[in-house]
Amino acid sequence: MPGAFRTEGVFLDIELLLKAAVMGVVEGLTEFLPISSTGHLILASSLLGFTGDKIKVFEIAIQTGAMLAVIWEYRARLWGTVRGLGHDPVAQRFALNVVIAFLPAAVFGLIFGSLIKQHLFNPVVVAAAFIVGGLIILWVERRHKRLYGERDLQGRRHARIETVDDIKPWDALKVGLVQCAAMIPGTSRSGATIIGAVIFGFSRKAATEFSFYLGIPTLVGAGVYSLWKQRGLLEWSDLPMFSVGLVFAFVSAWLCIRWLIRYVSTHDFTIFAWYRIVFGAVVLLTAWTGWVAWRA
């Protein structure tokens, strides 16, 4: 009956929007933590049965919602930079550093992006990258404590770079090159940039904030490029799904940003390392035993 068909369509739409909302929350909560938002989105979409080429575009597009949260939270700094580009050396250096750090990922993404998506975007690769990334974080944190002691979590006594205004172009390039490792799903863009920056002499706060700023051109650019490249897959009827995902990603990311800046002032990243290792091991175990039918 026509009425029954319309009712079924309504329920299907609600289910679709609920899945989009869940994916938005997953994106927002994981984008800025060193635990890999892309990896979590791949796993979440597999569990929800929310898969396909269009959903891969959706997963990249909603990252823009998380970046809008950064723009909103740091709007005063960003607007001050825009206004000072013509005359303020600090604003000019800050903008130049973000551009320099962005370029490696842009170049490598254009060259290898499609190949990586084709072969590496699957739950087993993500789980393995979770574990490897967790082990690297543990090594970095233990090295940090061995060199500088248990106190001074931000590294202020020894950090060569205290704030983002202390960053030089060479420092920015090194962080940008490290960010390229995050092209492997499960690695974590924020994890690579933050931990890499700490190794290069950044304080935790400076590393975290620069990771936020660097994410703006990196992820907004990736989202716009993906939408344009895959525009043939999309229809106007997809707009509600994308809108819900963006909104939920924005709100959850904004809450996460505010929490994370307070967290890094008194804590290290060891807890995230163990989370990655345990979560990755669970995914590999369930895949090996067949308890969960993970799908790419």
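**Exercise A.** Identify the residues that Ala 197 touches when residues up to four places away in sequence are not counted, and decide whether Ala 197 is buried or exposed.

*Solution.* Ala 197 touches Val 175, Phe 202 and Ala 207, where contact means that heavy atoms lie within 4.5 Å. This is a predicted model, in which local features need pLDDT of at least 70 and side-chain atom pairs count only at pLDDT 80 or more, while totals for chains, interfaces and linings use all residues. Residues are numbered from 1 along each chain as its sequence is written, and side-chain values use heavy atoms, with hydrogens and water left out. The next step is to place the residue: Ala 197 is found in helix α9, which covers residues 189-199. Helices are DSSP runs of H or I with at least four residues, strands are runs of E with at least two, and both are numbered from the N terminus. Finally, the relative accessible area of Ala 197 is 1%, so this residue is buried; buried means under 20% relative accessible area, exposed means over 50%, and partly exposed lies in between, with a 1.4 Å probe and protein chains only. For a distance to compare with the model, the C-alpha atoms of Ala 197 and Gly 28 are separated by 22 Å, and these residues are 169 apart along the chain.

**Exercise B.** Work out the accessibility class of Val 178, and list the residues it touches beyond four places in sequence.

*Solution.* Begin with the location, since Val 178 is found in helix α8, residues 169-179. Its relative accessibility is 23%, and therefore Val 178 counts as partly exposed. Leaving out residues up to four places away, Val 178 touches Ala 192, Thr 193, Gly 196 and Phe 200. Lys 229, by contrast, is 51 residues from Val 178 in sequence and 26 Å from it in space, C-alpha to C-alpha.

**Exercise C.** Describe the geometry of the ring pair of Phe 50 and Phe 58, and then that of Phe 130 and Phe 279.

*Solution.* A pair of aromatic rings is described by the distance of the centres and the angle of the planes. Rings of Phe, Tyr and Trp (its six-membered ring) pair if their centres lie within 6.5 Å, and planes under 30 degrees apart count as stacked, over 60 as edge-to-face and the rest as tilted. The structure holds 13 aromatic pairs. The rings of Phe 50 and Phe 58 have centres 5.6 Å apart and planes at 90 degrees, so this pair is edge-to-face. Phe 50 is buried at 4% relative accessibility, and Phe 58 is buried with a relative accessible area of 0%. For Phe 130 and Phe 279 the centres are 5.5 Å apart and the planes stand at 35 degrees, which means that the pair is tilted. This pair links distant parts of the chain, for Phe 130 is in helix α7 (residues 123-148) and Phe 279 is in helix α12 (residues 270-289), 149 residues apart. Phe 130 is buried at 1%, whereas Phe 279 counts as partly exposed at 23%. Ring pairs also link Phe 32, Tyr 74, Phe 94, Phe 212 and Tyr 213 into a cluster.

**Exercise D.** State where Ser 36, Ser 188 and Ser 226 lie, and give the accessibility of each.

*Solution.* Ser 36 is found in the loop between α1 (2-30) and α2 (37-48), and its relative accessible area of 2% makes it buried. Although Ser 36 is not a glycine, it has a positive phi of about 75 degrees. Ser 188 lies in the loop between α8 and α9, counts as buried at 3%, and has a positive phi of about 95 degrees although it is not a glycine. Ser 226, on the other hand, lies in helix α10 (residues 204-229) and counts as buried at 5%. Beyond its neighbours within four places in sequence, Ser 226 is in contact with Val 57 and Ile 60.

**Exercise E.** Count the helices and strands of the protein, and check its radius of gyration against the value for a compact globule.

*Solution.* The protein has 12 helices and 0 strands. The radius of gyration is taken over C-alpha atoms, and the globule rule is 2.2 Å times the number of residues to the power 0.38. For 296 residues a compact globule would have a value near 19 Å, and the protein has 20 Å, which agrees. Along the principal axes, the C-alpha atoms fill a box of roughly 70 × 50 × 35 Å. As a last step, note that buried residues make up 47% of the 296 residues.
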